[in-house]
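Trainee: Could you take me through one part of this model in detail? I would like to look closely at how two domains meet within a chain.

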Amino acid sequence: MKTMNRQSLPGQDDITRTSLSNGITILTRSNFNSPSVVIGGYLSCGSLFDPDEKLGLAAFTAEALLRGSRKHTFQKIFDMLESAGASLSFSAGGHTVGFTGRALVEDLPLLLSLLADSVRHPTFPDEQVERLRAQILTGLSIRAQDTADMAAITFDQILYGRHPYARPNDGWPETVQSITRRDLVEFHHLHYGPRGSVIAVVGAINPGTIAEQVEAVLGSWHNPSQPDLPALPELKLLKKTVTQKVRIQGKFQTDLVIGSSGPRRKDTEFLSASLGNSVLGQFGMDGRIGEVVREKSGLAYTATSSLNAGIGPGSWDVSAGVNPSNIQKARDLIVQELTRFVDQGVTAEELSDSQSNFIGRLPLSLESNAGVVGALINIERFDLGLDYYRRYPEMVRAVTPEDVLTAARKYLHPDRLAVAVAGP
Amino acid sequence: MKNIFSTHLLNNGLKVMLKEIHTAPLISSWIWYRVGSRDEVSGHTGISHWCEHMQFKGTPQFPPSYLDRAISRDGGIWNAFTYFDWTTYFETMPAEKIDLSLRLEADRMVNSLFDEKEVASERTVVISEREGSENEPIFLLGEAVQNAAFRSHPYHHEIIGDLTDLKSMNRDDLYGHYRSFYIPNNAVMSVAGDFNTTEMLSRIQELYTQIPAGIAPARVARPEPAARGEHRLTAEGPGETAYLDISYHTPAANDPDFFPLTVLDSLLTGPSSLNMFGGGGISNKTSRLYRALVEKELAVSVGGGLVATADPYLYSVVITLNPNHTPEEVLTAFDKEIVRIQDEPIPAGEISRAIKQARALFAYSSENITNQAFWLGYAEMFSTYDWFLNYLENLSRVTPADLQQVAQRYFRPQNRVVGIFRPTGLEKK
């Protein structure tokens, strides 16, 4: 059928990448099919900088950025955003603080000026800090009752041990209680700066105009005190299977997370592991794990595997929500599948299915401005190259069943698993 | 660039709605059936949702795992949803692969197996889905409020159904439900994306006209009598966080009052969008209830929801409480805001702001082909597609006086259920 004026995969001829002299990288791609614009990006000031006793500081600081600035009060900031039908928010990860926003294209200058104002000149008003603290603490008490959240946190604690990735970015009630307004001010003063930050903008606007608008609001930003991220220690692997249970009384379902460490995003095995993970617990209705735990045994509504690969050592796990009487049965089935996976790997047919899926889903994942922003950030964060999505189909097709088996055996160890259980 | 839209009625009663959009090489195809939890009687609650699960369990032509594999191989996505008034199935695929979707929906309109073994295995999956929801205090509270709000209307029960029925229903119950409701004259097909209308229609005719029309089943018609006073209830569970769910009886989506209520929702708790896929939302930090409850530190969050339904349903405000305040204190502050919106003139600027927000939300979500096809069929399930086309215009026509009258008409204590979730605290170690 005939088509017209449609988007192809992003590449070096339609992504514009520029850097400001203060270290900010700008990535843009035009899309004149929609009247909206999406921005996204990150700053190098994540929770790895948090001291243990003030865990949650980076997250608290990020959330407090929009609570008032030198120019505007909290209510004024959100009045401008919400009146324009726009949105802007920040959230902290381990390495970086991410931001995301969207607006109708005529409101891009507003969005950028609020972004710049909030990262450069937040005032952390006392009253707003206390209000936000109460919200964060309530969020943490809800988290403590959430079986899936607690299983995930416990899994990270087992897997990462003394590595900083063992810590939840949001912190704990007692660490959030100990954070003062002065801590927020100092954290911001020391860690927020242009170096290492990235902003991606996609929408109905020319790249040149975007770069000018970003330069106008962020070009003069400097912070000579901005430190480098602390070096990450080596991850010490488990020597045997370790199981931990969190009892949450009065719940009807138990969540399980079972797994091992995984590759870094930049590791050569990443793509092989990712395709293997698809076969294991993603493809179709959740791959082999979904087939065994859900379809054949009817044990769970959700049963899936995930590969979490970022800057440092990743994780590779299987999760499921099951009736408390079926925990052992589900656990045995999952371990059995992991064992089969590292013993026999994947068949050529299974791999070919997942390869087709990875390539075929690109248009769907990149149809919206938000999807393209995500892709641009990915390219920059992991140094993938502007032509990454054009080269991607070829890279995916090149992976062999042997590559998958090698990756599986390197990371997944059925006799040395982290097993987290949270429920009644 | 013009998007070509057309509707067609096949000779077996299947309505087909097509919209050409050529911004991405994708097509999203949806089939909608007029069946949902409101078509269920006691003993069979949850049957529509369970039927939806069984539709993924195979036909003689397409065995259970075949389709998962075929659609995923092509890089497509598929899913289904069961709601009060409808059940819908969709596939979004690379444009050149959409034929599989058209064939599979024609096939499973008639030929699903509902194999005994699959029914047995899916019973525990659905029960597990319910148990997962029961882990959430908000679900437990919402279910109690919904049960209390409807005594005679079948909106009374949760879409997933009651546990006792999930344990007792059998294969023949499910299959009978499927055969009664899954007929072309009880369905609407909506397709949007990168196709040529003539070619698409001809292919749909080829595949679907052979399916015979059936006797369209009558819907359960038990209107809810007017409420006779405020209903208050308490749900309890572990934890430290209290919630309030304040739900007012509100009219069906087709009622003219639905639009002023949509604007009132936007003023009270922030804008909500009609889309199901992507697009993102707009925060609600300048809404009246956020200012009155969250900014005053009585609550940590507030949200509202008005549901477009065929019969009158509920407008619900859900509040997560600050632990330093009681539900009664928060309810008093909430009621003050309700009285304010009923009694004090509403500035026209607040309305025009709500309209701009609604427009922006549409712009964001229209980037997504799956949303575009969803919208085509959605309004047909409780009104007609015109409802959707006129939505923004109807919102723009709302006047400050309309808002006040409608707030006075519906936001009365006698017309509501107040649900309180009281946490019983943490287990002593």
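**Where two domains meet**

Mentor: Happy to! Let me set the scene with the overall build of chain B: for its 429 residues, a compact globule would have a radius of gyration near 22 Å, and the 23 Å of chain B agrees with that. Keep in mind that this is a predicted model. Along the principal axes, the C-alpha atoms of chain B fill a box of roughly 60 × 55 × 40 Å. Chain B holds 16 helices and 11 strands, and 52% of its 429 residues are buried. Among the contacts in chain B with a separation of 6 or more, 83% join residues 24 or more positions apart.

Now to the part you asked about, in chain A. The domain assignment of chain A gives domain 1 as 16-218 and domain 2 as 242-423. Taken over C-alpha atoms, the centres of these two domains of chain A are 28 Å apart. Their contact draws on 27 residues from domain 1 of chain A and 31 residues from domain 2 of chain A.

Let's stay on the domain 1 side. The elements of chain A that give two or more residues to this side are the strands β2 (25-30), β3 (36-43) and β6 (198-203), together with the helix α5 (147-160). Of these, α5(A) gives the most, with 9 residues. By class, the side of domain 1 of chain A that touches domain 2 of chain A has 14 nonpolar, 11 polar and 2 charged residues. When you turn to the structure, α5(A) is a good place to begin, as the element that gives the most to this side.

Conventions. Residues are numbered from 1 along each chain as its sequence is written. Chains are lettered from A and ligands numbered from 1 in the order in which they are written. This is a predicted model: local features need pLDDT of at least 70, side-chain atom pairs count only at pLDDT 80 or more; totals for chains, interfaces and linings use all residues. Helices (H or I, at least four residues) and strands (E, at least two) are DSSP runs, numbered from the N terminus. The radius of gyration is taken over C-alpha atoms; the globule rule is 2.2 Å times the number of residues to the power 0.38. A residue is buried if 20 or more other C-beta atoms lie within 10 Å of its own, exposed if 12 or fewer, and partly exposed in between; C-beta atoms are placed from the backbone. Two residues are in contact if their C-beta atoms, placed from the backbone, lie within 7 Å. Domain bounds come from an automatic or database domain assignment. Ala, Val, Leu, Ile, Met, Phe, Trp, Tyr, Cys and Pro count as nonpolar, Asp, Glu, Lys and Arg as charged, and the others, Gly among them, as polar.
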